[in-house]
Structures are given as C-alpha cells and as structure tokens.
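Trainee: Could we go through this model together, taking one question at a time and reasoning each answer through to a name or a value?

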Amino acid sequence: MGPSARPTVGAPASAALRAVTDVVLGLAGEPALEPVLERLVHAVRDLVGARYAALGIPDEEGSGFDRFITSGMSDELIEAIGPLPRTHGLLAAMLTDPEPYRTDDIRADPRFEWWPEAHPRMRSFLGVPLLFKGDIVGAFYLTDKEGGFDDGDVELVRGLAAHAAVVIENARLFEASRERSVAEERSRLARDLHDALTQRLFSLNLILEAAAAMAAGPDPAPTLEAIHQARALVDASLAELRTLIFGLRPPALETDGLVGALRKQAELLTRAHALAVTVMDLRPPGSPPPADDGERELWRVAEEALSNALRHSGAGAVTVTLEADGPGGGTVLSVADDGVGFDPDARSIAARRLGLVSMRERMEAAGGTLEVVSAPGLGTTVRAWVPSGDGAAGEVPARSATIADAAGPTAGPGPAAPGAER
C-alpha cells in the first residue's frame with residue numbers, strides 16, 4: 001500500500017477501517033513469517049505517514065529481539081547502525097505494557113536511553129503492542145511523523161496491530177508445522193539410510209574378505225568375480241545415497257507444486273536407478289486443488305510408494321498419475337509398478353506394514369482414503385484420494401477400500417505401484 005492509499009488526518013473511521021482491511025487481506029495468502037513481517041511494517045508506516053517504522057518480535061528469553069524489521073531506512077544505514085537492538089528503554093516498554101504510547105519528543109521520555117552513533121535522531125514516537133490472546137507478541141514502533149501522531153493514528157495502528165498479531169501467529173504456526181515435517185522426514189531418511197546401506201555394507205565386507213582369501217590361490221577368476229560383485233554393491237549403495245540426499249532437500253510444494261515436485265523426483269530416480277518413472281497429470285484445466293493439507297499428504301504418499309517400488313518390487317517402470325475424481329470430487333494419486341507384486345493379506349506383510357499404516361494415517365488426517373491393489377506377479381498399485389478445496393471432506397468415494405484384492409474391480413491395467421513396505 002503506497003502513500004496515496006493512506007487515510008488523511010481526520011478521515012472517517014470507515015475509511016481507516018478499509019485501509020486496515022486492505023492491508024490484512026493482502027497478507028491473507030502469505031504463509032511464511034518473514035514476508036509477513038516485512039509487508040506489515042511497510043504498511044503501518046504508509047498508513048500513518050511516518051518517516052520510519054519498525055516491527056519487533058521478542059526472543060524467547062525476552063532480553064533481545066528474534067526479529068526487528070524496519071521500514072524507511074536504507075541498507076547502508078542499517079549496516080552502519082549495527083546489530084539488532086536489545087529490548088531496553090522504550091523498545092522494552094512496548095513489550096510490557098499493553099497500552100499504546102505516543103510522545104512528541106522521544107528523548108524527553110525518562111525511559112529513553114541512547115542511540116547508536118549512526119542511528120537517525122528522531123522526535124515524535126508512537127509505540128503499539130501486538131496482543132494475541134492477552135499476550136504481547138510484538139510491537140509496532142513509528143517515528144518522525146510531520147506534526148506528530150494524533151489519536152486517529154493511535155486507533156488506526158491499534159486496529160492493524162490486532163489483525164497483525166493473528167496473522168503473525170498463523171505464520172508462526174505454519175513455520176512450526178513445516179519444521180516438524182522436516183524433522184519427521186529426516187527421521188524417516190535416517191531409518192532408510194540404516195535399512196538400505198547397513199546390509200549392503202555388511203555384504204560388501206564379506207565379499208572383500210572372501211576375495212582376499214582367494215587372492216593367494218592359483219585361479220584368479222573367483223577373485224575377479226568377487227571384485228565385480230563388490231563394485232556392483234558400491235554402485236548400488238551410491239545410487240541409494242544420491243536418492244536419500246535428494247530426500248534431505250525435497251522440492252518445495254509451495255514453489256514447484258505437486259506435479260513439479262513429482263516430476264523432479266521422477267527425474268532423479270530415473271537417473272540414479274534402473275527404473276523408468278513417468279508422471280502424468282490427467283486433470284482437466286481448472287480442476288479444484290486438494291483441500292487443506294491434501295496436496296502435501298499426497299506428496300508424502302507418493303514418496304513412500306516410490307521408495308517401496310524401488311526397494312522391494314523389482315520393477316522396471318513406475319507410472320505416477322494424477323486424476324480428478326469427478327466435478328469437484330477430489331484428486332486421485334496413483335503410483336503403479338510392474339514389479340513382482342505381493343499378497344496384501346499375507347501375515348509376513350501384515351507384520352511389516354509400517355509403510356501402509358503411515359500412508360493410510362496421512363490420508364485419514366487429510367479426510368481421504370488409501371487403496372492398495374496387488375497380487376504376486378501382477379505388480380502393485382497404490383491409490384490415494386483426497387477431497388478438493390471446494391468439496392466436503394466427509395464425502396468418500398465409493399472405491400474407498402483400504403486394501404483391495406488384485407482380482408477386484410478396482411484393479412486397473414498397466415503397471416501397479418509400489419506396494420506396502422515388505
């Protein structure tokens with residue numbers, strides 16, 4: 001929002017409310033915290049016509065700022081001022097008193113302490129705490145408005161502060177959720193690394209010991225064969241490591257979208273392994289996207305299914321398909337491989353079905369369903385369904401069985417996808 005949108009002094013309350021509403025609506029689609037803070041501090045400065053503005057978020061200890069975003073200062077000036085300020089003087093006062101404070105001369109206030117040498121010398125000041133459920137989560141700091149700040153400015157900034165606190169907390173929750181997802185993913189990758197590589201390295205050690213024992217013999221053929229086997233194991237281990245390293249840096253759904261993320265994963269798996277992975281988006285243009293966290297959960301299911309296909313199926317090809325489940329009915333992800341298949345009802349599978357349980361729980365949390373179709377020699381298909389953003393989360397399609405027999409009506413042609421962890 002630029003200066004032209006700023007309400008004038010004495011503007012009707014409705015005009016001020018519209019200005020605040022415009023700012024909040026402009027932030028509604030931004031989930032990340034840092035951009036939210038930057039846009040808020042620029043907006044509040046424009047709203048009241050201050051020369052400088054800042055938004056401070058205290059750290060957990062309360063002795064400093066976790067973030068202190070400014071508006072009106074050049075990058076050179078910020079660098080000359082130095083490190084983030086501590087929570088002292090009037091900066092601290094706005095984090096302890098829920099009421100706004102304004103003065104025509106900041107230096108006349110007894111709580112004022114000092115400025116760094118390069119800091120601009122300021123006069124008029126308006127500080128407004130950001131309250132969320134009774135707690136102060138931050139504060140707006142505004143200075144140097146020509147003619148000083150008035151009651152209208154206080155109420156305008158107070159209104160924005162009330163909305164800003166909610167927006168900031170929502171962005172914090174989003175970041176915390178994303179961090180938890182990263183932690184969960186790293187834990188999964190650590191387990192995969194252990195499972196995939198420990199056995200191979202143990203086998204490699206045995207092969208090399210045997211090769212060393214045979215090297216003294218008259219026939220070099222067994223030694224050479226052992227060396228070839230060892231090299232094959234090393235190549236396979238390196239390919240597995242490349243896949244796991246990629247998993248530590250997965251494509252961002254926010255920037256690549258579900259289809260883009262799937263295609264990047266397919267490209268990597270095709271390069272690193274003897275496995276042809278194809279991604280097809282068969283949804284008509286304008287199809288409604290998955291609801292809430294549905295897209296992220298579909299991505300996680302696809303990851304798990306592709307991992308199972310790679311590690312257990314012996315497949316040469318995998319097809320990943322996205323389809324629309326009728327008008328506004330949701331999104332269907334299918335991951336189908338042409339591998340050895342398995343019996344979903346076998347006890348040996350039921351005892352080691354952590355992959356299935358994880359995928360099913362993800363779908364249930366997103367209001368969707370999971371279906372696995374497989375049989376020995378017929379490959380495996382994993383189908384996940386989530387509702388669309390425009391549909392009712394409780395409406396489950398007719399084909400919502402969690403585990404289906406390959407001979408059932410849901411078994412489709414072509415490769416069937418990575419089945420349960422087996």
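Mentor: Let us first fix a term: a residue counts as buried when its relative accessible area is under 20%, and as exposed when that area is over 50%. Keep in mind throughout that this is a predicted model.

Trainee: Are lysine 145 and aspartate 153, which form a salt bridge, buried or exposed?
Mentor: The side chains of lysine 145 and aspartate 153 form a salt bridge whose closest N and O atoms are 2.7 Å apart. With the cut-off of under 20% relative accessible area in mind, the class that applies to both lysine 145 and aspartate 153 is buried.

Trainee: Which residue forms a salt bridge with arginine 102, and in which helix does that partner lie?
Mentor: Arginine 102 belongs to strand E3 and, at 36% relative accessibility, counts as partly exposed. The partner is exposed, with a relative accessible area of 52%, and the closest N and O atoms of the pair are 2.4 Å apart. The two residues are 49 apart and link distant parts of the chain, the partner in helix H5 (residues 151-214) being aspartate 151.

Trainee: What is the bridge partner of arginine 102 in strand E4?
Mentor: Strand E3 (residues 101-103) and strand E4 run antiparallel and are joined by 3 bridges. Of the 8 residues in E4 (residues 125-132), 6 are buried, so this strand is largely enclosed by the rest of the structure. Within E4, the bridge partner of arginine 102 is leucine 126.

Trainee: On the other pairing of E4, which residue takes a positive phi in the hairpin with E5?
Mentor: E4 and strand E5 (residues 135-143) run antiparallel and are joined by 8 bridges, one of the pairings being that of phenylalanine 125 with threonine 143. The hairpin leaves 2 residues between the strands, and the residue there with a positive phi, near 55°, is lysine 133.

Trainee: How many residues apart in sequence are phenylalanine 68 and tyrosine 141?
Mentor: By the ring-pairing rule there are 5 aromatic pairs. Phenylalanine 68 and tyrosine 141 form one that is tilted, with 6.0 Å centre to centre and 35° between the planes, and both residues are buried. Because phenylalanine 68 lies in strand E2 (residues 65-71) and tyrosine 141 in strand E5, the pair ties together parts whose separation in residues is 73.

Trainee: Which residue lies over the face of tyrosine 101?
Mentor: Tyrosine 101 belongs to one aromatic cluster with Phe65, Phe68, Phe125 and Tyr141. The residue over the face of its ring, at 4.7 Å from the ring centre, is arginine 111.

Trainee: Why are arginine 300 and glutamate 303 separated by about one helical turn, and what is the N to O distance of their salt bridge?
Mentor: Arginine 300 and glutamate 303 are 3 residues apart in helix H8 (residues 294-313), which means a separation of about one helical turn. An α-helix has 3.6 residues a turn, so residues three or four places apart point the same way. Both arginine 300 and glutamate 303 are buried, and the N to O distance of their salt bridge is 3.0 Å.

Trainee: How far apart are the end C-alpha atoms of helix H2?
Mentor: H2 (residues 33-48) has 16 residues, and at 1.5 Å a residue it should span 22 Å. Its buried residues include Leu33, Leu37 and Leu40, and the helix is followed by glycine 49, whose phi is positive, near 75°. The distance between the end C-alpha atoms agrees with the expected span, being 23 Å.

Technical notes. Residues are numbered from 1 along each chain as its sequence is written. This is a predicted model: local features need pLDDT of at least 70, side-chain atom pairs count only at pLDDT 80 or more; totals for chains, interfaces and linings use all residues. Side-chain values use heavy atoms; hydrogens and water are left out. Helices (H or I, at least four residues) and strands (E, at least two) are DSSP runs, numbered from the N terminus. The expected span of a helix is 1.5 Å times one less than its number of residues. Buried means under 20% relative accessible area, exposed over 50%, partly exposed in between (1.4 Å probe, protein chains only). Two strands pair if DSSP finds at least two bridges between them. A salt bridge is a side-chain nitrogen of Lys or Arg within 4 Å of a carboxyl oxygen of Asp or Glu. Rings of Phe, Tyr and Trp (its six-membered ring) pair if their centres lie within 6.5 Å; planes under 30 degrees apart count as stacked, over 60 as edge-to-face and the rest as tilted. A charge sits over a ring if NZ of Lys or CZ of Arg is within 6 Å of the ring centre and within 35 degrees of the ring normal.
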